[in-house]
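Please look through the model below before reading the numbered points. They follow the chain through its sheets and the helices that pack on them.

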Amino acid sequence: MGADSDFKEKVVAINRVAKVVKGGRRFSFSAIVVVGDGNGNVGHGLGKANEVTDAIAKGIDDAKKNVVKVPMYKHTVPHLMEGRFGGGFVLIQPAAAGTGVIAGGAMRAVFESAGIKDVLAKSKGSSNPHNVVKATFAALAKMRDPLQIAQARGISLARVFNG
């Protein structure tokens with residue numbers, strides 16, 4: 001990886017957690033953060049701290065540690081794919097140029113950070129942002145790059161899509 005400065009951060013969700021102690025309630029925060037360079041590299045992380053800003057900073061550090069490369073084809077995903085994590089179940093499919101990112105909140109952050117401009121996506125099952133983000137990453141990790149498939153089969157890129 002190059003410099004860390006080219007990553008853009010997006011906070012997906014901030015959760016306030018209360019711990020009941022003798023004097024009352026003690027609040028802490030957890031933040032889910034997605035980072036990406038808009039060029040196919042994207043990562044997610046979870047940060048927990050007593051202050052929101054600290055939780056976000058920890059989440060960004062965590063997200064930079066697990067960055068994955070997402071295969072892209074003409075600013076969309078190469079093929080239809082589904083991903084699962086826990087109760088989260090997502091369906092991702094390619095879209096024509098100019099469609100835009102049609103996806104729910106937690107998934108939208110992942111696609112925009114990855115630099116995917118046109119995609120149709122549906123989150124089924126759990127709406128918990130933790131599981132939706134992880135299910136989206138699971139689906140993107142299973143994607144196969146059309147260029148590598150074309151080289152492996154020894155055919156042109158057009159024949160991969162058109163048969």
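1. Start at the hairpin of β2 and β3: four residues lie between the strands, and G38 there has a positive phi near 70°. Strands here are DSSP runs of E with at least two residues, and helices are runs of H or I with at least four, numbered from the N terminus. This is a predicted model, in which local features need pLDDT of at least 70, side-chain atom pairs count only at pLDDT 80 or more, and totals for chains, interfaces and linings use all residues. Residues are numbered from 1 along each chain as its sequence is written, and side-chain values use heavy atoms, with hydrogens and water left out.

2. The strands of this hairpin, β2 and β3, pair in the antiparallel sense over eight bridges; two strands count as paired if DSSP finds at least two bridges between them. Within this pair, S30 stands opposite K48 in β3.

3. A hairpin of two residues also links β1 to β2. These strands run antiparallel and are joined by 13 bridges. E9 has V35 in β2 as its bridge partner.

4. On the other side of the pairing list, β3 (residues 41–49) and β4 are antiparallel, with three bridges. V42 faces V68 in β4.

5. Put together, these pairs give an open, antiparallel sheet of four strands in the order β1-β2-β3-β4. Why does one side of β1 and of β4 lack a neighbour in the sheet? Both β1 (8–21) and β4 (67–69) stand at the edges with a single partner strand each, so one side of each is left free of a neighbour in the sheet. From one strand to the next the twist averages 15°, where axes are lines fitted to C-alpha atoms (for helices over the stretch in contact) and angles run from 0 to 180 degrees between N-to-C directions.

6. Two helices pack on this sheet. Helix α1 (residues 52–65) lies across β1, β2 (24–36), β3 and β4, at about 145° to β3. Helix α3 (residues 129–142) touches β1, β2, β3 and β4 as well, and its direction makes about 155° with that of β3. Contact means heavy atoms within 4.5 Å.

7. H44 is a useful residue to click on in strand β3. Is H44 buried or exposed? H44 counts as buried because its relative accessibility is 18%; buried means under 20% relative accessible area, exposed means over 50%, and partly exposed lies in between (1.4 Å probe, protein chains only). Leaving out residues up to four places away in sequence, H44 touches V33, V34, D62, A63, N66, V133, K134 and F137.

8. V52, in helix α1, is partly exposed, with a relative accessible area of 30%.

9. A second open sheet of four strands has the order β5-β6-β8-β7 and mixed pairing. Its edges are β5 (81–85) and β7 (101–102), each with a single partner strand, so one side of each has no neighbour in the sheet. Strand β6 (residues 88–94) pairs with strand β8 (residues 119–125) in the antiparallel sense over seven bridges. One of the bridge pairs joins F89 to K124 in β8.

10. Helix α2 (residues 105–114) packs on this sheet, touching β6, β7 and β8, and its direction makes about 145° with that of β8. Helix α3 lies across β5, β6 and β8, running at about 135° to β5. Helix α3 thus appears in two points of this note, having also been described as touching β1, β2, β3 and β4.
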